[in-house]
Structure formats: C-alpha cells, structure tokens
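User: I'm new to this structure and would like a close look at a single part of it. Could you take the place where the ligand sits and then walk outward from there?

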Amino acid sequence: MEIKKVVVIGSGTMGSGIAAHLCNADVPVTLLDLKTEISEKARERIHKSRPPLLIDKSKINNIKVGNINEDFDTVKDADWIVEAVVERIDIKHDIYSKIFKNRKEGAIVSSNTSSIPIKVLSEKLTDNEKKDFCITHFFNPVRYMGLLEIVKNENNDLDKINSLKIFCEKELGKGAIVCNDTPGFLGNRIGVYAMQVAMTEAIKMKLSIEEADAVFGRPMGIPKTGVFGLYDLIGIDLMVDVLKSFKKELPETDDFQNVAKEIPLITKLINEGYTGRKGKGGFYRINKSNNDKVLEAINLDTEKYSSSKKIDLKMDTVDIVGLINRDDKYGKYSWSVISKIITYASSLVPGITDKFNDIDEAMRLGFNWAMGPFEMLNEIGPKNFFERLGQIKNNKFLENLSKSNEENFYGKRQLYTDIETLGKIKSYAMKIDKNKSANIYRFKDYNIVEFTTKANALDYNSMDCLKNATDKPLIIINESMQFSAGVNLSYTMDFVNKGDLKSVEKFIKYFQETCKHLKYSKFPVVSAPSGLTLGGGFEVLVQSNFVASHTNIVVGLVETMVGLVPAGGGCKEMLWRWSQSEESKKDPDFAPLKVFEIIGYGKTASSPIEAEPLKYLMPSDKKIMNRNSLFPTALKLINDNKNFIPDTECKFKLSGKPLKDKMIKLLEKLYNDNVILDHGMTVGSELANVLSGGDTSIDKTLSEDELYKLELDSFMRLIETKKTQDRINHTLTTGKPLIN
Ligand code: NAI
C-alpha cells in the first residue's frame, strides 16, 4: 500500500511536529484541529520553530490546515490518518468513530498516544476497522528524535503494518520499532523509570542536583541535561501527569511504583509556577538581577536557590565501568542507578518485547543515550555485575544469564531494521587502532574513523586517527549526536594558559596537514555527518572527497564568534567553492566578498537545503533522511569510485590590498552602526587578510599551502589577543558568544 496523502488530527506539539515532518518528506499533509485558527497558529509555530521542524521553510504552505467540522472530507482521500489530539479517551473515541465513517477503505488510522493501551483505544472498533488501526508513537521534537514505536493489535493486517513501518523508515527516516501493547511501550517505560531512579537515589544519597546531573549525564552516555535538567526541559507538571498515568496502568508489584511516589518539593515547585523552562524555572532557573543573568540551582535540602556550581568529574568520555568503580559518592550513586535500570529493564523481557536489543535501541533513538541498559550490562560484564549485585529477585532474564555463565550474551545490534547500519558493522569490524579521541575500524577493505570525545571536539589525537586511516578508503562517521562541534577549545586554551603557543601552532599545522592529506590521499574519503558539523568539523567534511549528509545537520564556519578565523582549510575551501561560480568568472572579487560575509557572520545552516546556497554542501553531496542509511550510502560512494583519482591541487587568484580595503570598508560600516565592536574589527581584518590573499595581486597565483599559511598566521595572531581569549572562555563557560 502506498502512502500519498496524510491527514493529521490535532495540531498541538505532536500533531504539528508530525505534519512538519511529513512535509519534510514531501508528502502532502492536512492538519486539522477543532478550529482552523488553531491549526493555522500551529503552522505559524512550525514556521518559527527553533531548532526548525522544517528542513525547507519555503515549503510551509505544503501543509494544508483546516478544522474537523468543515474540512473533514480531506480524510476521504487520505491513505493514512494520524490522530494526535489530547490524551483523553472519550475525545479519541469520538474522533475514531468519525474517521472510520469517512476514511477510504483500507486507509491506515493510527494514534500518537503515549500512554493509552491499544486495546482501550480500539475497544469500540469493529474487527474490520481494527485491521487498519495501530499506534504510531512519535517522540518530540519529531524531526529530530529518531524513535517511532509502532504498536499492533491482534487483528492487524500485518502486511499493512509492515508497509507503514517501511514508509516511516524510508520516507520519514525513523527508527521504527514494533513493540507490545504495554504501558509506556519501550522508550518511556525505561526512560521515565531511569529518570525517577536517578532522582530518588540523588535525594536519598544527598547529592546536589548538579552532582546528580553530572553523573547521570556524559559519563553514563546520557545527554548533559541529566535528570533534573531534563525534568525542567520536559515540564515538571507534565512529568507528574506521566507518572500518574504509569501508576494507574502498572500493577502494584511493578518496581516503577517505588520510584514514582510523590515528592513534596515537586508539588511545591508546581504550585509556585516553577514548572520548568516553560515556567518561571524549575530545578534550575535563570535569575536576572542587576542586569546579570545567573544560572541558579535548587538545594534539595533547604529548597532554596543559589548560584549553580559546575561539577567536574574529570570524565569527559562515556565510561560506565570507570564510573561505577569510583571510590566516592559518585561511584556509589552511579552503581545504584545503573544496577537498578539494568535490573528493571531486564525484568520486563519478554513482557514488553522479546528482543532485549530493541530496548537498547529505543533508548538510543528516543532518549539519545549512547548505550541502552543491556549494553551497559555487557560493558560491565555479567560476572562482575552479578558479583556486585548479590541476589537476583523475580528476574528470569538475569537468572538465566547468571546460570549460563555467558560473558558474551549480547549478539547483534539494531535488530529492528534491515539496513546495514554502522552499529551493526561495528560489532564485526576489527578495531585496528584507537586513542583518547577516536577509533579506527577495519571492515573488508576500508577503514572507518569514529570520533569519541565530548561533542566530538577535535584535537591532536583525532587528527592522528584520521591520518593513520588513509591507507584504505575511509568513512568518517559516528553514532553520537554530533559529527563534530569543531576544534576542542578547552584543549587549545590549556596550551594558551600555559603560554605554550608553540603547541597551538603545532596542532593547527597538523590539523591542516591532515585535512590536506584527506583531500589528496590515494583512496577516497567520505564524511557522513549528522548533527553539529561546525568549524573544524566542517573543515574535515569539506576536505573529504565525498559527503553523505543526514538531513539533520547543523553546518557552518563559526570561528569568528570566538574571535578566530577558520584555519584548517575552511577559508581556502570556501574560496575555492565560490570561485567556481558563474559570477566569479566575471568578477574576481565576487567569491572572496561572498565568503567574507558567510564566515564573518559565522553563518550556519540547519539542513542541507539551507546549506547548499551557502555552498557548505554541494548539489552532488548525498542528502539522507534516515540516519541509519548514512553508512550504506557512504559505502556505496566508495564502491562506485573504485577507480578514484584525487583532484589536482587548487590554485587561487586574489586581488590582495584593493580587495582587503573593500572588506575593511564593510567592517567600518558595521563598526559605525555598532553591529561590531573593537575586537570585531580586529577579527574581521584578519579574515579580510586571509580572503584577499594577503600580500598578493590578481596576476599572481597562490597555492593551497599559501592559503593555509595565511589562515595559520591570522589564527595565531588572534589567539594571542586577550579579547579572543575572553571570547573563547566566555563560550566555554556559557555556551554563548561574547561580543567585545
Ligand atoms: P497538545 O495539547 O499540544 O495538542 C492537542 C491538540 O488537540 C490541541 O491543538 C487541541 O486543540 C486538539 N484537539 C483537542 N480535541 C480535539 C478534537 N476533538 N479534534 C481535533 N483536535 C482536537 O497535545 P500533544 O502534546 O501534541 O499530544 C497529542 C498526543 O500525542 C497525545 O495523545 C499525547 O499523549 C501524545 N504524545 C505527546 C508527546 C509530547 O511530548 N507532548 C510525546 C508523544 C506522544
């Protein structure tokens, strides 16, 4: 069955997200609500959303809007009708009765419910209607969250469910996991339990909220919002509703009940309007006093706010074993939380799914965990786990595993998909090298480099792995949230703070050398980015021979924001790309001026559609909705280019001083208009120096090495300045740019 037209009913958070994502897949969609004004407002929200729900904002009007009274006829044409109205069974039942009266025979009807069992949702449907009814549980924000849980009922036409699954995988790019009809399905059942355990144990063990978030975060492979930060993000009041529904649906004996008890502080926060980020704040709040914004955290004992303290566990990578082995309160807390999550998740197999691997993948896709509970168990090692755990109670999975003495129980990953993903390949590829910042895998006759640092920030080690991996065709790819957020600024600042500028220069030179090596090595290099691909991350991409990009990419050269210029070949490559344009043939200053504007403003693009006009991505680059398909696409690029010959080196003709003067004039205007301040002038002038070619003239030819040298010299001059250092330190502590 083909899905050519979709109607989404309910235009709130989820309905609008689903409609936007169908629009991303170029599927005609109509969004209905009680009144057309409501769905129209939803469309406006989609248009303004940040991060953007739409890949291409100009397609906003492809989402048609209407109301359920006058426009219900649209349902007659739809191949799939998604219900995303409020979580009220009476309202949902009414809607189904209306839909099934109007839908065309065989059209699929699904609910986006997060908590109502399918047997309850479908209790008023006929057997024939049930054939085409299921739950499609998307996660918020729909464009960015990979997980889609599909729940069947006993009457389903399985071929149809399967074709829906394939559609959602191929066209919408989702990791679609079919699961049983149990409360919270997979992701929320484990994810919300994990949050509750992390919170209740933190209170019991008297950890501060910052400490708990530091542990239940990066070292555990969990996003840095941790638990209290995530509560604030989701909404503290919404979490209370979610817990109520779990408590109602789950038996008294379920361990969830023990961690879902009312917490007086939470009731107090909600009563006082502290419902999280959407309210006055929550566990954290921004206090605006004396024109200063201060991040504050609540003290769990005194229930008073004070300035939030940064907790440094000195663990920058995911390290479950290192964490639970720590001989301090963080070690104790993490073991307590991790062991409980593993015990709970395993106690639910096969009840919620007979494939434990699906639980892990749901946690990766729906909660952005770097590994799920069973992978954590695998990492700790069953023997070690059982020795520490002691007695196993009412847990068939763990009892069997313990009896089997099997240390390698895990088996294959990503069983939910037929795609040959990176996750699958990694389990049988050979890890041929690794250091603190990256791994090299060998698979068949090619190499894979996976960065492994926080936000995949790049340092000397990352470059070392890249360089060492060019003895075969190379794919640069990873499974974490970011391809690479750029050069590791703390690493760079450590040298600066010691006055060791020689080491900074050595690193940048090595960065340049590696990127050049990627570009001209004998074998093809493919970058397959998803998420942040900024600064140095973009410079790796742009000097790869081929690109297979996920549609959820944020790409750009943002160095000027921290008072630097791109120095890993970013200026050079952007100049080259723009100098190939028609306009550049007529005007040699066209390309440098264009690049001056793009890099000067630190422009970023949040999709390939936005990236192409800036030439951050090119039309020949592959653009892919399903992240799982990045790896097979990259592989195909290698296989299709068996006779690969690297390009010859680029040459540049730049105008030198007259062009630089033009750029300085532009800067002066911005300075006089107060758009930039003193250091903005300095940074802009250095950028102008690089992009105009330095001491050159239009009749001279510059080599790539000469441009690398210009980039390096400007970079070094800037990093020595106090104001660039202030910018970097500000960004490192606040995550925001400093204008100085
Ligand atoms: P919401 O409250 O943001 O939006 C619900 C929309 O339904 C509103 O625009 C409302 O006007 C409309 N509505 C109410 N009665 C209607 C009717 N009879 N006909 C047409 N429209 C009607 O709710 P949200 O958050 O979008 O949730 C929708 C569904 O998705 C719920 O079942 C919820 O459990 C589920 N869900 C929510 C998630 C979330 O993060 N918010 C995540 C996953 C699932």
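Analyst:

**A loop to start from, then the ligand site**

Let's begin with one loop residue before going to the ligand: Ile 698 has a relative accessibility of 38%, so it counts as partly exposed. Keep in mind that this is a predicted model. Ile 698 belongs to the loop between helix H31 (678-691) and strand S23 (702-703). In sequence, Ile 698 and Leu 659 are 39 residues apart, while their C-alpha atoms are 9.8 Å apart in space.

Now for the part you asked about. Which residues come nearest to the ligand? Of the 23 residues around the ligand, those are Met 14, Asp 33, Glu 87, Lys 92 and Ser 114. By class, the shell breaks down into eleven nonpolar, nine polar and three charged residues.

Some of the contacts can be spelled out atom by atom. A polar backbone atom of Met 14 is 2.8 Å from an oxygen atom of the ligand. Val 85 also has a polar backbone atom facing a ligand oxygen, here at 3.4 Å. With Lys 92 the side chain takes part: one of its N or O atoms is 2.7 Å from an oxygen atom of the ligand. On its own the ligand has 830 Å² of accessible area, and the protein covers 78% of that.

Where do those shell residues come from? Helix H1 (13-24), helix H4 (89-102) and strand S6 (133-138) are the elements that give two or more residues to the shell. H4 gives the most, with three residues.

H4 is a good handle for walking outward, as S4, H4 and S5 together make a right-handed β-α-β unit. Take strand S4 (residues 80-83) and look at its two faces. In a regular strand, side chains alternate between the two faces of the sheet. In S4, Trp 80 and Val 82 are on one side and Ile 81 and Glu 83 are on the other, and all of them are buried, so both faces of the strand are covered.

S4 has strand partners too. It pairs with strand S1 (residues 6-9) in the parallel sense, over four bridges. Within that pairing, Ile 9 stands opposite Glu 83. S4 also pairs with strand S5 (residues 108-111), again parallel and over four bridges. There, Val 82 has Ser 110 as its bridge partner.

Now a few loops. Between helix H2 (36-48) and strand S3 (63-67) is a loop that holds Pro 51, and the peptide bond joining Arg 50 and Pro 51 is cis, with omega at about -10 degrees. The loop that follows S6, running to strand S7 (147-151), holds Pro 141. The bond from Asn 140 to Pro 141 is cis as well, with omega near -10 degrees.

Glu 70 is in the loop between S3 and helix H3 (74-77). Is Glu 70 buried or exposed? Its relative accessibility is 65%, so Glu 70 counts as exposed. Its side chain makes a polar contact of 2.5 Å with the side chain of Asn 67. Glu 70 and Lys 35 are 35 residues apart in sequence, with a C-alpha to C-alpha distance of 9.3 Å.

Two other loop residues have a backbone angle worth a look. Phe 185, in the loop between strand S8 (175-179) and helix H8 (187-204), has a positive phi of about 50 degrees although it is not a glycine. With a relative accessibility of 1%, Phe 185 counts as buried. Asn 368 has a positive phi too, near 60 degrees, and is likewise a residue other than glycine. Its loop runs between helix H16 (356-367) and helix H17 (373-380), and at 25% relative accessible area Asn 368 is partly exposed.

To finish, here is another sheet to find on screen. It is an open sheet of three strands in the order S17-S19-S20, with mixed pairing. Strand S17 (531-534) and strand S20 (604-605) are at its edges with a single partner strand each, so one side of each has no neighbour in the sheet. S17 pairs with strand S19 (residues 553-556) in the parallel sense over four bridges, and Thr 533 has Val 555 as its bridge partner in S19.

Terms used:
Residues numbered from 1 in each chain as written. Predicted model: local features only at pLDDT ≥ 70, side-chain atom pairs only at ≥ 80, totals over all residues. Heavy atoms only, no water. Near = heavy atom within 4 Å. Polar contact = N/O pair within 3.5 Å; in protein donor to acceptor, adjacent residues only side chain to side chain. Areas by Shrake-Rupley, 256 points an atom, 1.4 Å probe, with all protein chains shown as cover. Nonpolar A, V, L, I, M, F, W, Y, C, P; charged D, E, K, R; others polar. Buried < 20%, exposed > 50% of the residue type's maximum accessible area, 1.4 Å probe, protein only. Pairing = 2+ DSSP bridges. Right-handed = clockwise from strand over helix to strand, strands pointing away.
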